[in-house]
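Biologist: Thanks for sitting down with me. Could you walk me through this structure, one question at a time?

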Amino acid sequence: VSTENAEVSEENTEKAEEKNATAELQKKYDELNNQYIRLAADFDNFRKRQAQERESLINYGAENAMKKLIEVLDNFDRAKTVIDKTEDLQQVKDSFDVLYKQMFDNSEKLGLTVIEAQGQEFDPNFHEAVMQTPTTEHPENHVINELQKGYKLGDKVLRPTLVNVATEG
């Protein structure tokens, strides 16, 4: 009987140890699962914040540009009123020049620059060749004529300059 009791006691001890090991594994699993859930929620919140910040930056950038353009529109309104009342062509030209300069200056403040092309070597990163003219007056593969201005915003080309390029004549 005492051997049987020892075997039963040993069996109960093994079951108790197994139960404890299972309980510890379950506890560890629950802890890791809770950490995972919190991490997933934190990442989701981070992603939402990033999207909101990106949208805010886009809107703020557009807002800044629009404020600069509103100044120009105000002056166009003033010029239009003056043009309707004047017959002095020089005054109209002067008003146009002031408006053009203001528009260009405000654009430069926002980072817009003109891509220089005239007389430059053709560069497909900044120029788009829409014509080629055989000539001996200009070096081969150089821009003869600028047909439409190109613009960059910082380092990014917004629109390449449309050009006429010299070819061997």
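Modeller: Gladly, and keep in mind that this is a predicted model. Let's begin in helix α2 (residues 89–109), where Tyr100 and Phe104 lie four residues apart, about one turn of the helix.

Biologist: How are the rings of Tyr100 and Phe104 arranged: stacked or tilted?

Modeller: A pair of aromatic rings is described by the distance of the centres and the angle of the planes. For Tyr100 and Phe104, the centres are 6.3 Å apart and the planes stand at 15°. Planes under 30 degrees apart count as stacked. The pair of Tyr100 and Phe104 is therefore stacked.

Biologist: Is Phe104 buried, partly exposed or exposed?

Modeller: Buried means under 20% relative accessible area, and exposed means over 50%. Phe104 has 26%, so the residue is partly exposed.

Biologist: Which residue forms a salt bridge with Lys101?

Modeller: Side chains of opposite charge can pair when their charged atoms come close. Lys101 has its partner in helix α2 too, four residues away, about one turn of the helix. The closest N and O atoms are 2.8 Å apart, and the partner is Asp105.

Biologist: How many salt bridges turn up in a search of the whole structure?

Modeller: One of them is the pair of Lys101 and Asp105. Another joins Asp44 to Arg47, with the closest N and O atoms 2.3 Å apart. Lys48 and Asp44 also meet in a salt bridge, at 3.3 Å from N to O. The search finds three.

Biologist: Which residues are linked in a network of salt bridges?

Modeller: Look at helix α1, where Asp44 and Arg47 are three residues apart, about one helical turn. Lys48 and Asp44 lie in helix α1 as well, four residues apart. The network links Asp44, Arg47 and Lys48.

Biologist: What is the arrangement of the rings of Phe43 and Phe46?

Modeller: These two are three residues apart in helix α1 (residues 2–85), so about one helical turn separates them. Their ring centres are 6.4 Å apart, with the planes at 35°. Planes under 30 degrees apart count as stacked and over 60 as edge-to-face, with the rest as tilted. The pair of Phe43 and Phe46 is therefore tilted.

Biologist: On to the strands. Which strands stand at the edges of the open sheet?

Modeller: The open sheet has three strands in the order β1-β4-β5, with antiparallel pairing. An edge strand here has a single partner, so one side is left without a neighbour in the sheet. Those at the edges are β1 (112–115) and β5 (156–159).

Biologist: What is the bridge partner of Thr113 in β4?

Modeller: Strand β4 (residues 150–153) runs antiparallel to β1, and four bridges join the two. In β4, the partner of Thr113 is Lys152.

Biologist: Which residues form the nonpolar patch on the surface?

Modeller: One member, Leu147, lies in strand β3 (residues 143–148). Leu147 counts as partly exposed, at 41% relative accessibility. Together the members have about 250 Å² of accessible area, and they are Val130, Met131 and Leu147.

Biologist: One last backbone question: what is phi of Asn141?

Modeller: Most residues other than glycine have a negative phi. Asn141 is found in the loop between β2 (127–135) and β3, and its phi is positive although the residue is not glycine. The value is near 70°.

Terms used. Residues numbered from 1 in each chain as written. Predicted model: local features only at pLDDT ≥ 70, side-chain atom pairs only at ≥ 80, totals over all residues. Heavy atoms only, no water. Phe/Tyr/Trp six-rings, centres within 6.5 Å; stacked < 30°, edge-to-face > 60°. Buried < 20%, exposed > 50% of the residue type's maximum accessible area, 1.4 Å probe, protein only. Patch = residues over 30% accessible without salt bridge, like charges linked within 9 Å, V, L, I, M, F, W, Y side chains within 5 Å. Areas by Shrake-Rupley, 256 points an atom, 1.4 Å probe, with all protein chains shown as cover. Salt bridge = Lys/Arg side-chain N within 4 Å of Asp/Glu carboxyl O. Pairing = 2+ DSSP bridges.
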